[in-house]
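Subject: Structure handover

Hello,

Here is the structure I promised you. Please open it and keep it beside this email while you read.

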Amino acid sequence: MKKITRRDMLKQTGMAAGMILSVPAYIQAYGATKAPKIEVERIQNVSNQPEFFYGWPTVARRKDNGELIVTCSGGRQQHVCPFGRVDMFRSYDDGKTWSWPQTIYDGPTDDRDSGVCITDQGTLLVTTFTSSFYYEGVLEKEINRRKAGIKGRMTDEVFERWQATHRRINDEQRKNEADKSWMFRSEDDGVNWDARQKIAVSSPHGPVTGFNGRILFFGTGWINKEPLGVLASVDDGKSWNALGTIPVSKYRKPDGKFPFWNEPHGIELSPGKFLVQIRNEDEKETWQTESEDDGKTWSDPHSIGVKGFPSFLLRLKDGRLLMTYSYRHEPYCNRIRISEDEGKSWSDPIRLSEPGPERDLGYPSTVQLPDETLISVWYEADTLETPTSIRMAHWRLV
């Protein structure tokens with residue numbers, strides 16, 4: 001079966017041990033500074049069902065008891081399939097051991113990237129987006145091959161399983177279910193969940209906490225005719241209002257199409273001052289934009305010389321900014337960079353994980369523990385023949 005790339009799927013759904021590496025000249029031109037060194041104490045698996053493909057995780061940490069929570073898309077056969085569900089893992093010992101997955105949501109279409117945010121009140125907010133691309137991108141083509149008498153790329157057993165899963169709802173119901181962003185809310189640490197809530201934007205790692213108890217969601221979603229925007233909640237995630245949009249529509253290409261920018265992640269540097277990084281698929285880079293008026297206006301998205309995406313931003317206890325991101329060029333791995341000037345410049349890259357067997361990996365996110373060590377999670381396969389797992393690194397800056 002031909003492998004369907006994430007870029008193919010997103011375009012059709014519209015959703016959008018430490019080693020210092022040598023740094024290309026184009027990065028130096030953006031004022032990158034020498035990177036600090038890191039020590040990786042251990043790397044281990046979080047997911048514990050190797051027969052399934054797991055992907056696109058996010059990690060969060062409770063302030064009251066230190067519990068680590070990871071949500072992701074689990075139960076999958078492959079990168080694009082109809083079986084995705086939202087799974088959650090817990091660790092009570094700084095990631096040394098992890099629970100069996102708790103399935104938060106298993107809808108009738110493919111449930112993909114999952115973000116998790118723990119609000120200042122301790123509420124869990126978990127996000128996902130649903131997709132029917134498994135049909136347009138894979139299943140429909142398999143059906144047409146077989147109708148034409150061409151040997152299919154699936155076994156008969158897999159083919160029937162895909163079709164049976166697709167038949168769980170009809171086409172009219174699927175219009176209301178697929179290609180949407182959803183949020184789930186729990187006030188009792190994930191034992192019980194409110195009814196799902198449709199949300200206007202989507203992003204792999206979900207919302208983030210801001211100042212004064214506010215929650216922010218920088219994401220892809222059409223708001224006021226722009227594909228990138230920011231939402232805010234002042235009632236612990238129960239309702240959301242649009243603060244503004246990131247004006248990228250003016251960058252249309254000569255053929256009228258938009259640049260392929262999506263999967264943003266942002267941080268509130270100080271009250272009303274935002275920094276957002278965006279996946280620029282066309283350039284295979286992470287680009288950046290800033291706002292100093294609570295998201296009403298933004299700087300032009302600009303290159304920061306970072307090859308790779310998508311980025312996850314974190315304020316460290318010492319005040320510096322950390323970005324973790326996947327590098328889908330050889331050697332396939334995850335990288336980090338540090339900023340000491342509020343994102344105006346970024347350090348040279350540091351490799352966080354050892355090279356993986358293929359480019360379908362990454363989406364790292366990171367939390368910092370009280371002892372200033374860090375936990376990062378991402379997805380990665382052991383070999384080209386095995387499904388991907390959720391991996392975790394416990395590491396420190398030195």
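Start with one cysteine: is Cys-72 buried or exposed? Cys-72 is buried, because its relative accessibility is 0%, below the 20% cut-off for that class. Before you go further, note that this is a predicted model.

**Cysteines**

The disulfide count is zero. Cys-72 takes part in none. The nearest cysteine sulfur to that of Cys-72 belongs to Cys-81 and is 13 Å away. A disulfide needs two sulfurs within 2.5 Å. Why is Cys-117 not bonded to Cys-72? The closest cysteine sulfur to that of Cys-117 is in Cys-72, but the gap is 17 Å, so it is too far for a bond. Cys-117 is also buried, because its relative accessible area is 5%.

**The largest pocket**

Next, find the largest pocket. Its volume is about 1,000 Å³. The lining has 34 residues. To find the centre, look for Lys-63, Ile-118, Thr-209, Leu-314 and Arg-315, which are the closest to it.

Which elements give two or more residues to this lining? They are β3 (53-61), β8 (115-118), β12 (208-209), β16 (261-270), β20 (311-315) and β24 (362-368). Strand β16 gives the most, with five residues. By class, the lining has 15 nonpolar residues, 11 polar ones and eight charged ones.

**Helix α3**

Now turn to α3. This helix covers residues 133-147, which makes 15 residues. From first C-alpha to last, α3 reaches 20 Å. That is close to the 21 Å expected at 1.5 Å a residue. Still, α3 has a kink of about 40 degrees. Where is the kink centred? Look at Leu-139.

Leu-139 is also one of the buried residues of α3. The others are Phe-133, Tyr-134, Gly-137, Val-138, Glu-142, Ile-143 and Arg-145. One rule helps when you look at a list like this. An α-helix has 3.6 residues a turn, so residues three or four places apart point the same way. After α3 comes Gly-149, with a positive phi near 80 degrees.

**Backbone exceptions**

Most residues other than glycine have a negative phi, and most peptide bonds are trans. Some places here go against that.

Take the peptide bonds:

- Phe-309 to Pro-310 is cis, with omega near -15 degrees. Pro-310 sits in the loop between β19 (302-307) and β20.
- Glu-330 to Pro-331 is cis too, with omega about -5 degrees. Pro-331 sits in the loop between β21 (321-327) and β22 (333-339).

Then take phi:

- Asp-179 is not a glycine, yet its phi is positive, about 60 degrees. You will find Asp-179 in the loop between α5 (171-177) and β10 (181-186).
- Asn-212 is not a glycine either, and its phi is also positive, about 60 degrees. Look for Asn-212 in the loop between β12 and β13 (215-223).

How accessible are these two residues? Asp-179 counts as partly exposed, because its relative accessibility is 30%. Asn-212 counts as exposed, because its value is 78%, over the 50% cut-off.

A good route through the model is to begin at Cys-72, which is buried. Then go to Leu-139, at the centre of the kink in α3. Finish at Asn-212, which is exposed.

Best wishes

Conventions
Residues numbered from 1 in each chain as written. Predicted model: local features only at pLDDT ≥ 70, side-chain atom pairs only at ≥ 80, totals over all residues. Heavy atoms only, no water. 1 Å grid on protein atoms, 1.4 Å probe; cavity = no way out; pocket = protein on both sides within 12 Å on 5 of 7 lines; lining within 4 Å. Points joined across faces, edges and corners; volume = space filled by probe spheres on them. Helix = DSSP H or I, 4+ residues; strand = E, 2+ residues; numbered from the N terminus. Nonpolar A, V, L, I, M, F, W, Y, C, P; charged D, E, K, R; others polar. Expected span 1.5 Å × (residues − 1). Bend = angle between axes of the 7 residues up to and from the residue. Buried < 20%, exposed > 50% of the residue type's maximum accessible area, 1.4 Å probe, protein only.
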